[in-house]
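This briefing sets out the fold, the surface and the side-chain contacts of the structure shown below. The points are grouped by topic for reference during inspection.

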Amino acid sequence: MKKIVIILITLLSLNLYGETEKEGKNRKAFDVDGNKYIIRPLYGIPTQSDIGDLLTFKEFKKDPNDGEIAGIQVERYVYKRPYDFPVDITLQSSFITHFNSYSGEETDYYTNDNSYEINFGIKIYWTEFPWDKYVRTRLGISEGLSYISRITNLERYNQYHKNNSNYLNYIDVTLSFNAKDITGIENLEDTYIGMGISHRSGIFGTINGIDGGSNNVTFFFETEL
């Protein structure tokens, strides 16, 4: 955990004090043109599938306890297209509610009470694709830290009779498409719709000895302000 915190602080420091050249002048981090924030309400379905299987569309195994998640993510642009490279960098925070559901007898292990998750991280978007003249697309991935108030049923199921931890590594992968390009509605210029994967894990035992974790497939719309 300490190593991850040090790495994140280092990356954040570089983003805060670095400079990028645009239009013949140096620009400090956060000194971006246009919209500065991304607001993303989301809904998600927990899954037993590994993140690798989800990313390759190999399989989707639904949570046997039929849980659900809902939340909101807020991001602040750090850089837009630094050195004219097709990436954007943001700082991300999110608040997610896990609606746990369990009808069995092991109520000492599983729960029907909600869990509340808070995440912080750095996110990088790739913003250039061959089909952008038809539908603008962006692929994002974040790396950060996650805290959850109560271990979810899914994580307990995945780590049955093993260690669990409230603090874990956090990865958020999103793929989104411009809503104006899809619908032709001018007012949706700054709105995207998409899906993603919300991932918590111990990075193969690196964090608190946790070998597993949990994944949620998410659906969302995001607007820029």
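## Structural briefing

Nine of the 12 residues of strand β10 (residues 213–224) are buried, so this strand is mostly covered. The model is predicted. Its protein chain has 225 residues, of which 45% count as buried. The chain contains four helices and 10 strands, and a closed barrel is formed by eight strands.

**Overall architecture**

- Read from the N terminus, the order of elements is α-β-β-β-α-β-β-β-β-α-β-α-β-β.
- The closed barrel follows the order β3-β4-β5-β6-β7-β8-β9-β10, and its strands pair in the antiparallel sense.
- On average, neighbouring strands of this sheet are turned by 25° against each other, with direction ignored.

**Strand pairing around β10**

- Strand β3 (residues 37–47) runs antiparallel to β10, and eight bridges join the two.
- Within this topic, T47 has N215 in β10 as its bridge partner.
- Strand β9 (residues 191–201) also pairs with β10 in the antiparallel sense, over 11 bridges.
- The bridge partner of M195 in β10 is F219.

**Strand pairing of β5 and β6**

- Strand β5 (residues 87–99) and β6 are antiparallel and pair over 12 bridges.
- H98 stands opposite S115, a residue of β6.
- As a general point, side chains in a regular strand alternate between the two faces of the sheet.

**Nonpolar surface patch**

- A nonpolar patch on the surface is formed by Y37, I72, V74, F95, Y116, I118, F120 and L225, which together have about 730 Å² of accessible area.
- Two elements, β4 (68–80) and β6 (115–126), give two or more residues to this patch.
- Strand β6 provides the largest share of the patch, with three residues.
- Y116 is located in strand β6, and this residue counts as partly exposed because its relative accessibility is 37%.

**Aromatic pairs**

- A search of the whole structure finds five aromatic pairs.
- One of them joins F85 and W126: the ring centres lie 5.5 Å apart and the planes meet at 80°, so the pair is edge-to-face.
- This pair links distant parts of the chain, since F85 lies in the loop between β4 and β5 and W126 in strand β6, 41 residues apart.
- F85 has a relative accessibility of 43% and therefore counts as partly exposed.
- W126, at 34% relative accessibility, also counts as partly exposed.
- F129 and W131 form a stacked pair, with 5.1 Å from centre to centre and 25° between the planes.
- F129 counts as buried because its relative accessibility is 18%, below the cut-off of 20%.
- W131 has a relative accessibility of 40% and so counts as partly exposed.

**Salt bridges**

- The structure holds 15 salt bridges.
- E75 and K123 form one salt bridge, in which the closest N and O atoms are 3.8 Å apart.
- The E75–K123 pair links distant parts of the chain: E75 is in strand β4 and K123 in strand β6, 48 residues apart.
- E75 and K123 are both buried.
- D181 and R136 form another salt bridge, with the closest N and O atoms 2.9 Å apart.
- D181 lies in helix α4 (residues 179–183) and R136 in the loop between β6 and β7 (137–148), so this contact ties together parts that are 45 residues apart in sequence.
- D181 counts as partly exposed because its relative accessibility is 26%.
- R136 is likewise partly exposed, with a relative accessible area of 26%.

**A salt-bridge network that reaches β10**

- The side chains of E222 and R138 meet in a salt bridge at 3.0 Å, N to O.
- This pair also links distant parts of the chain, as E222 is in strand β10 and R138 in strand β7, 84 residues apart.
- E222 and R138 are both buried.
- Salt bridges with shared partners join R40, E75, K123, R138, D172, E222 and E224 into one network.

Conventions. Residues are numbered from 1 along each chain as its sequence is written. This is a predicted model: local features need pLDDT of at least 70, side-chain atom pairs count only at pLDDT 80 or more; totals for chains, interfaces and linings use all residues. Side-chain values use heavy atoms; hydrogens and water are left out. Patches are made of residues with over 30% relative accessible area and no salt bridge: like charges are joined within 9 Å, nonpolar side chains (Val, Leu, Ile, Met, Phe, Trp, Tyr) within 5 Å. Accessible areas come from the Shrake-Rupley method with a 1.4 Å probe; for residues, only the protein chains shown count as cover. A salt bridge is a side-chain nitrogen of Lys or Arg within 4 Å of a carboxyl oxygen of Asp or Glu. Buried means under 20% relative accessible area, exposed over 50%, partly exposed in between (1.4 Å probe, protein chains only). Two strands pair if DSSP finds at least two bridges between them. Axes are lines fitted to C-alpha atoms, for helices over the stretch in contact, and angles run from 0 to 180 degrees between N-to-C directions. Rings of Phe, Tyr and Trp (its six-membered ring) pair if their centres lie within 6.5 Å; planes under 30 degrees apart count as stacked, over 60 as edge-to-face and the rest as tilted.
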